[in-house]
Every structure is written in structure tokens, then in C-alpha cells.
Amino acid sequence: MRYLANIHYGTEAYPESVARRLRATNIVAWSSVGVLGLFSVWRLLDGSAHWKYVALVAILYSIAPLLHRFGSLTAPLYLVVLAYSWLFAISMIVGIDGGTVFFYLVAAALGIALLGSENLPLSILVPAAGAAAMIVLRFVAPRDVTVAPVTRYGNFIVNTIGAISMLYAVVFYVVRQLTRAEQRADRERQRSEKLLLNILPPTVAERLMSNPGETIADAFPNASVLFADMGGFTAMSSDTTPEELVGFLNRVYTSLDSLVERHGLEKIKSAGDAYIVVSGVPRATPDHAAAIADLALDMRDALAGLVDARARHVPVRYGIASGPVVAGVVGTSKFFYDVWGDAVNTASRMEASSEPGRIQLAPETRRLLDERFELEDRGVIEVRGKGPMQTWFLKGRTRPEARPSAG
């Protein structure tokens with residue numbers, strides 16, 4: 001019987017949630033075979049004729065794993081019926097004063113654990129049948145057999161301790177499995193929440209966790225958007241190994257993420273070589289233009305002299321625009337937080353028409369900035385999709401020590 005060496009026998013075709021119960025069924029069956037086998041040898045050595053019956057029951061227990069092919073409930077039900085029948089027969093032979101009826105409690109608990117709580121009718125029937133058998137035995141089984149009092153009391157003590165120990169083991173196993181399942185669920189929940197906080201702004205993530213079905217879409221009448229883009233990225237990616245390219249982008253974006261977090265603004269996304277930040281979203285900010293201008297200057301300084309993995313200079317262009325935007329969460333399994341509106345499109349155009357290493361401002365952003373910033377009038381330029389537009393370059397701070405407060 002080579003299958004005895006594998007507790008997974010007969011469970012491979014079932015889902016893991018069912019296979020776990022069937023593996024436990026195999027363990028119970030083979031443990032019973034071992035115990036009854038030893039008991040059979042003991043009865044044989046002491047000259048009792050009952051060893052044959054014990055050996056037969058052991059063989060019947062060994063058949064249980066072979067029954068998985070007939071359904072997930074067949075083997076557990078078989079074990080319950082076999083255990084109940086064997087206990088009834090033993091009690092009728094040796095009497096109930098020896099405490100063998102206590103094992104009905106163990107068999108009932110094992111039956112529920114092996115059948116699964118999802119099978120409600122059976123989970124009620126199994127203990128009910130065990131209780132009925134114990135009641136019937138109380139009236140039909142002999143109370144005493146012609147054995148010495150020491151043997152009778154010894155059997156009672158051994159059976160009581162054994163039944164309670166086995167019942168404790170069953171309950172402990174079930175409770176431990178529940179505890180582990182709760183711990184796994186809690187770890188997954190914490191992991192999901194951490195991942196959600198990395199993808200979405202904290203306030204938006206909290207709204208989504210509190211109301212998973214809520215449609216998150218908010219209008220912000222006053223916000224500023226920053227686009228940054230690395231020039232020559234396409235050419236760079238064509239003759240750079242994937243490892244070098246990803247490593248370079250990771251270093252750049254990690255540096256920029258740190259700056260955005262320090263300024264208390266919100267990174268929307270990075271797509272290829274484009275990096276997008278918004279100010280005044282998802283929390284309204286009165287000085288949103290000044291806050292994002294301050295960030296842009298720090299980004300420009302941080303990326304000055306940027307070189308790629310092949311030591312080639314990588315110029316970066318910046319563009320900022322201000323105005324009303326709409327922000328919301330899009331998607332389900334792969335959702336993301338994004339912003340839409342004319343200010344977003346204009347910021348993209350400001351970046352595309354800017355010059356390497358310079359920060360170009362749209363008119364509305366220029367209007368919102370005060371004397372803290374040094375500006376350069378670029379004049380009227382042709383902006384794709386917008387036509388002629390007067391723009392400005394953000395050069396620096398007139399008073400570096402008077403920085404706008406973050407967020």
C-alpha cells in the first residue's frame with residue numbers, strides 16, 4: 001500500500017480549501033490504522049480472540065483515502081460511520097462503565113472538522129447521530145462486565161483522558177487554523193492598504209477603503225499642474241540595455257518622488273520619460289501656483305547636469321499651467337488616480353514647447369505668482385492646439401530664504 005506514504009493521496013484534483021480537509025482525513029485514517037494495529041497485536045499477544053476484529057477495523061480505516069475519487073464528502077462520512085459503528089460494538093461488548101462512549105464526542109468533533117462547516121445539514125446530523133448513539137447505549141449496553149475493579153476503573157480513566165486529549169487536539173487544530181487564516185487575511189489587508197497608499201493619495205485611499213463602491217470624482221477650481229520630460233529619451237532607450245534604462249529611470253524618479261513628498265504635493269504619474277505633479281489636489285491649496293513653482297525650481301536644480309547610464313547629457317524640460325481640473329480614480333483591478341482639464345493639457349504644451357533646463361509658465365500661472373519669484377518674459381509663441389500664447393520662464397527665487405510653505 002504505497003499510497004500510505006503520501007498524505008496528499010487522492011486530494012490533488014480538489015481546490016486547496018477542500019484538499020486541506022481531505023489531507024486531514026488521510027492523517028486521521030492512517031493514525032487510526034496505526035493505533036488499532038498496535039492494539040490488535042496487543043490483543044493477539046495476550047491471547048484474546050478479539051484481535052481479529054480489531055485488525056479488520058484497522059483495514060477498513062486504511063480504505064478511507066481510496067474513497068476521495070467518489071467525492072469530497074465520501075471519505076469523511078465513511079470515517080464517521082465507521083467510528084460510530086466501532087464504538088457502538090465495543091460498548092456493547094465491554095460495557096459503558098469503561099468510558100468508551102466518550103469517544104463519540106471526539107468522533108463528532110472530527111466529523112464536523114473533516115466535513116467542513118459549509119455542509120450545514122451534515123454538520124448538524126453528525127453530532128446528532130453521536131448523541132443518539134450515546135443515549136441508546138445508556139439503555140441497551142451493559143453497565144459492567146466481569147472484569148476486575150482495577151481493570152474497569154483503569155479503562156475508565158484511560159478512556160476519559162484519551163477522549164479529552166483527542167477532543168482538545170481536534171479543537172486546538174481547528175482554532176489554530178482559524179487563527180492562521182485570520183492572520184493571513186490581516187496581513188493581506190495591511191499589504192493591500194499599503195499598496196493602495198502607494199498608488200493613491202492618502203485621503204483618496206481612505207475614501208476608497210471606507211466605501212469600496214464609491215465613484216471618486218472631484219472638481220478643483222484652482223490647481224496647478226507640472227509636466228517634466230527628458231529630451232532624447234527615445235534615442236537613449238534604443239541603445240541602452242533594459243537594466244541600464246530601468247536603473248536610470250528609477251534613480252531619477254526616486255529623487256523626484258522625494259522632492260514631491262517634501263513639498264507636500266501630489267505626484268500623479270510617471271509615463272516613460274514624463275513626470276506629472278499637481279498642486280491643490282486632492283486638498284485645496286490657496287498658494288498652489290507658488291508651491292508648484294517652488295517644487296519645479298528644486299527639481300530643476302536636482303536634475304541639472306543629469307547624465308544617463310552611458311554618461312550622456314540628458315536635458316529636461318518643464319512646463320506649468322494653472323486652472324480648474326477634475327480628479328478621480330479610474331479603473332477597478334488596476335485603478336489609478338488622474339487629473340483632467342484644460343490646465344493639464346496646457347501644462348503638457350508648456351513642457352513640449354519649453355527649452356532644455358527651463359521652466360515655462362502659462363499666463364494663468366504667471367498671474368498667480370508674486371514677487372518671490374524671478375520671471376523672464378519669453379514673449380508670444382505658437383503653442384500646438386492653443387495658437388499664439390504669451391509665456392514666461394521661471395528663473396529662480398528673488399528671496400531664496402522666503403520659500404512658500406509646502407502644501
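In the predicted model, leucine 226 makes contacts well beyond its own stretch of chain. With neighbours within four places in sequence left aside, Leu226 touches Tyr275, Ile276 and Val277. Leu226 is also in contact with Ile292, Leu295, Ala296 and Met299. Tyr318, Gly319 and Ile320 complete the set.

Leu226 belongs to the largest nonpolar core, which has 35 residues. Together with Met230 and Met299, Leu226 ranks among the residues with the most contacts inside this core. Seven named elements give two or more residues each. The helices among them are α9 (242-263) and α10 (288-302). The strands are β1 (217-230), β3 (274-279), β4 (316-330), β6 (359-361) and β8 (387-397). Helix α10 provides the largest share of the core, with nine residues. A second core is separate from this one and holds 34 residues. Its members include Leu36, Ala58, Phe103 and Ala108. In soluble globular proteins, nonpolar side chains tend to be buried together.

Some nonpolar side chains lie on the surface instead. Phe88, Met92, Ile135, Val136, Phe139 and Val140 form a nonpolar patch there. Their combined accessible area is about 570 Å². Two helices, α3 (74-94) and α5 (120-140), each supply at least two of the patch residues. Helix α5 gives the most, with four residues. Valine 140 is part of helix α5. The relative accessibility of valine 140 is 46%, so this residue counts as partly exposed; the exposed class starts only over 50%.

The overall fold contains twelve helices and eight strands. The radius of gyration is 38 Å, whereas the globule rule gives 22 Å for 407 residues. The value is well over that expectation, so the protein is more spread out than a compact globule. Along the principal axes, the C-alpha atoms fill a box of roughly 115 × 45 × 40 Å.

Burial and contact order were then examined for the whole protein. Of the 407 residues, 41% count as buried. Contacts between residues at least 6 apart in sequence were considered next; 66% of these join residues at least 24 apart. The accessible surface of the protein comes to about 21,900 Å². Carbon and sulfur atoms account for 62% of that surface.

Key
Residues numbered from 1 in each chain as written. Predicted model: local features only at pLDDT ≥ 70, side-chain atom pairs only at ≥ 80, totals over all residues. Heavy atoms only, no water. Patch = residues over 30% accessible without salt bridge, like charges linked within 9 Å, V, L, I, M, F, W, Y side chains within 5 Å. Areas by Shrake-Rupley, 256 points an atom, 1.4 Å probe, with all protein chains shown as cover. Salt bridge = Lys/Arg side-chain N within 4 Å of Asp/Glu carboxyl O. Buried < 20%, exposed > 50% of the residue type's maximum accessible area, 1.4 Å probe, protein only. Core = buried A, V, L, I, M, F, W, Y, C linked by side-chain atoms within 4.5 Å. Contact = heavy atoms within 4.5 Å. Rg over C-alpha atoms; globule rule 2.2 N^0.38 Å.
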